[in-house]
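Got a structure open and not sure where to start? Let's read it together, one feature at a time.

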Amino acid sequence: MSTGSGSDSVPAPYTPHETAPGTSPEATGRGAPPSAPAAAPRKGMFSSLRVRNYRLFATGQVVSNTGTWMQRIAQDWLVLSLTGSSAAVGITTALQFLPMLLFGLYGGVLTDRFSKRKLLLVTQSAMGGTGLALAALTLTGSVQVWHVYLTAFLLGLVTVVDNPSRQAFVVEMVGKEDLRNAVSLNSANFQSARLIGPAVAGALITAFGSGWAFLLNGLSFAAPIAGLLMMRTAELHKVERVPRSKGQLREGLRYVSGRPELIWTIVLVGFIGTFGFNFPIWLTAFTYHVYHQGPGTYALFNSLMAAGSLVGALLAARRASSRLRLLVGAAVLFGVLEMAAALAPSFWIFAVLLAPIGVVGLTINVTANSSVQLATDPLMRGRVMALFMMVFVGGTPLGAPLVGWITDTFGPRIGFLSGGLVSLLAAVLIGLILARTGGLRLKIDLRRGHQHVAFVPRVALPEDGAEPAASRDKPLPVA
């Protein structure tokens with residue numbers, strides 16, 4: 001993503017497993033980077049959809065994502081109806097993400113070791129099964145809150161493998177050249193479904209109850225399964241699988257610990273994911289306790305946030321590069337907007353603020369996700385993305401119950417305000433750390449069709465603006 005003025009980073013060396021397009025291995029010697037190929041024309045907003053395998057994947061995902069959002073709305077409202085407690089909604093959310101916190105890195109090891117397409121066939125089938133089970137319990141009138149807790153936990157177990165597999169499979173479908181575009185379109189896909197799913201769920205819950213939303217979600221997984229089966233495996237970009245060996249978890253952690261461009265990105269999204277993304281708790285609480293409305297209003301709030309997120313995803317799909325300063329700036333604005341929404345004096349001001357919160361939240365997600373993937377060796381991508389997702393969503397079991405308790409004890413406004421405040425403070429602190437080290441100059445550039453990334457230490461530039469020799473000769477490798 002482009003963030004305005006600022007000097008480019010020093011090109012980082014390519015990994016042994018990936019070579020820049022149009023570059024011979026002999027041309028990649030240290031200190032003598034190859035001459036850059038001619039700049040490619042700017043890609044369109046939907047360039048990755050030219051790839052048949054990705055079109056099948058995206059089509060299946062938009063159907064299942066719609067069902068997933070229907071189930072999320074129905075699940076949150078069912079728990080609130082059964083218990084009347086925002087803390088109970090927080091517990092449900094926590095249980096769904098607890099497996100990611102406990103076992104997330106193991107999911108990354110499996111992702112690096114096995115075929116991602118085959119793993120997704122198994123996980124998507126299992127996720128559909130949890131929806132059908134919850135539908136059966138609800139439609140027969142026998143559902144209890146512990147049933148929802150159990151299915152949420154089981155769904156979380158499946159997600160441990162599904163999340164890193166889905167994230168890492170994107171590059172196998174489209175290649176590195178279109179990866180950022182595909183990641184952005186995945187987010188646009190998810191947010192498009194978020195516009196439709198809550199609206200349909202609100203109508204179904206009001207007219208017939210939550211059970212039908214669960215049923216449709218379970219059936220919706222037939223679409224991604226069909227898409228995976230119809231793919232042409234010969235057209236996938238081959239990525240070497242990691243053989244089974246001891247110490248693969250520790251190897252992944254050591255890899256990330258030695259790369260500040262990965263560490264600080266993951267730390268920042270960890271704080272925001274743990275404390276700033278607890279929207280099921282806050283939106284149900286504002287709907288039920290502040291504005292005294294029903295599931296239709298809760299669906300409206302989710303749809304407004306989804307509309308903003310969709311705009312953010314489409315804008316991200318057009319960007320060719322990103323800097324950490326964009327991630328930090330978006331995180332600061334995210335915290336400010338959440339605090340403003342918490343203090344909104346009227347229903348419609350609160351509702352309108354949800355759209356820009358969606359735009360900025362999506363910008364954080366896409367910038368962090370694509371930056372981490374592109375800065376990671378392909379043989380490590382599954383483990384690194386598992387750590388990224390473990391921190392981003394796995395922190396929810398820690399944050400959601402606490403945020404739910406604050407919301408129940410001190411009111412929805414204080415709960416929402418606290419989440420925004422933590423996000424803001426984390427962004428400011430990490431921004432100051434990166435500013436002192438020069439990390440805000442980190443740039444990932446896809447305008448030439450290949451990776452161009454390095455973490456540049458803060459060094460005073462000569463008056464003529466030339467790059468210091470130390471920076472030219474000793475870039476910190478990213479892979």
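What follows is a short dialogue between a learner and a teacher.

Q: Before we zoom in, what kind of model is this, and how many helices and strands are in the chain?
A: Keep in mind that this is a predicted model. The chain holds 17 helices and two strands.

Q: How much of the chain counts as buried?
A: Of its 479 residues, 56% count as buried. The accessible surface comes to about 19,200 Å², and 66% of that belongs to carbon and sulfur atoms.

Q: And what do the contacts say about sequence separation?
A: Take contacts between residues at least 6 apart in sequence: 85% of them join residues at least 24 apart.

Q: Which residues make the nonpolar surface patch?
A: Leu 102, Phe 103, Tyr 106, Trp 146, Leu 150, Leu 154 and Leu 157 make a patch of about 680 Å². Two elements, α2 (86-113) and α4 (145-174), each give two or more residues to the patch. The top contributor is α4, with four residues.

Q: Can we look at one member of that patch, and where does Trp 146 lie?
A: Sure: Trp 146 lies in helix α4. Its relative accessible area is 47%, so Trp 146 is partly exposed.

Q: Now for a contrast in helix α2: is Thr 111 buried or exposed?
A: Thr 111 sits in helix α2. Thr 111 counts as buried because its relative accessibility is 0%. Beyond its neighbours within four places in sequence, Thr 111 is in contact with Lys 116, Leu 119, Val 161, Pro 164, Ser 165, Ala 168 and Gly 382.

Q: Lys 116 turns up in that list, so let's do charges. How many salt bridges does a search of the whole structure find?
A: The general idea is that side chains of opposite charge can pair when their charged atoms come close. In this structure, the search finds three salt bridges.
A good one to begin with is Glu 172 with Lys 116, at 3.0 Å from N to O. Glu 172 lies in helix α4 and Lys 116 in helix α3 (residues 116-139), so this pair ties together parts that are 56 residues apart in sequence. Both Glu 172 and Lys 116 are buried.

Q: What separates Asp 162 and Arg 166 in helix α4?
A: About one helical turn, because they are four residues apart in that helix. Their side chains meet in a salt bridge at 2.8 Å, N to O. The two ends sit in different surroundings: Asp 162 counts as buried at 0% relative accessibility, whereas Arg 166 is partly exposed at 22%.

Q: Which residue forms a salt bridge with Arg 232?
A: That's Glu 235, with the closest N and O atoms 3.2 Å apart. Arg 232 counts as partly exposed at 42% relative accessibility, and Glu 235 is partly exposed too, with a relative accessible area of 39%.

Q: On to the rings. How many aromatic pairs are there?
A: When you read a ring pair, look at the centre-to-centre distance and the angle between planes. The count here is 21 aromatic pairs. Take Phe 57 and Phe 169: their centres are 6.3 Å apart with 65° between the planes, which makes the pair edge-to-face. Phe 57 lies in helix α1 (residues 52-83) and Phe 169 in helix α4, so the pair ties together parts 112 residues apart in sequence. Phe 57 and Phe 169 are both buried.

Q: Why is the pair Phe 277 and Phe 334 stacked?
A: Because the planes are at 20°, with the ring centres 5.2 Å apart; the angle needs to be under 30 degrees. Phe 277 lies in the loop between α9 (260-276) and α10 (279-290), while Phe 334 belongs to helix α12 (residues 324-342), so the pair ties together parts 57 residues apart in sequence. Phe 277 is partly exposed at 27% relative accessibility, but Phe 334 is buried at 0%.

Q: Which residues do ring pairs link into a cluster?
A: Phe 277 and Phe 334 are in it, and the other members are Phe 279, Trp 282, Phe 286, Tyr 291, Phe 301, Phe 347, Trp 348, Phe 350 and Phe 416.

Q: One last ring: which residue lies over the face of Trp 69?
A: Arg 72 does, at 4.7 Å from the ring centre.

Technical notes:
Residues are numbered from 1 along each chain as its sequence is written. This is a predicted model: local features need pLDDT of at least 70, side-chain atom pairs count only at pLDDT 80 or more; totals for chains, interfaces and linings use all residues. Side-chain values use heavy atoms; hydrogens and water are left out. Patches are made of residues with over 30% relative accessible area and no salt bridge: like charges are joined within 9 Å, nonpolar side chains (Val, Leu, Ile, Met, Phe, Trp, Tyr) within 5 Å. Accessible areas come from the Shrake-Rupley method with a 1.4 Å probe; for residues, only the protein chains shown count as cover. A salt bridge is a side-chain nitrogen of Lys or Arg within 4 Å of a carboxyl oxygen of Asp or Glu. Buried means under 20% relative accessible area, exposed over 50%, partly exposed in between (1.4 Å probe, protein chains only). Contact means heavy atoms within 4.5 Å. Rings of Phe, Tyr and Trp (its six-membered ring) pair if their centres lie within 6.5 Å; planes under 30 degrees apart count as stacked, over 60 as edge-to-face and the rest as tilted. A charge sits over a ring if NZ of Lys or CZ of Arg is within 6 Å of the ring centre and within 35 degrees of the ring normal.
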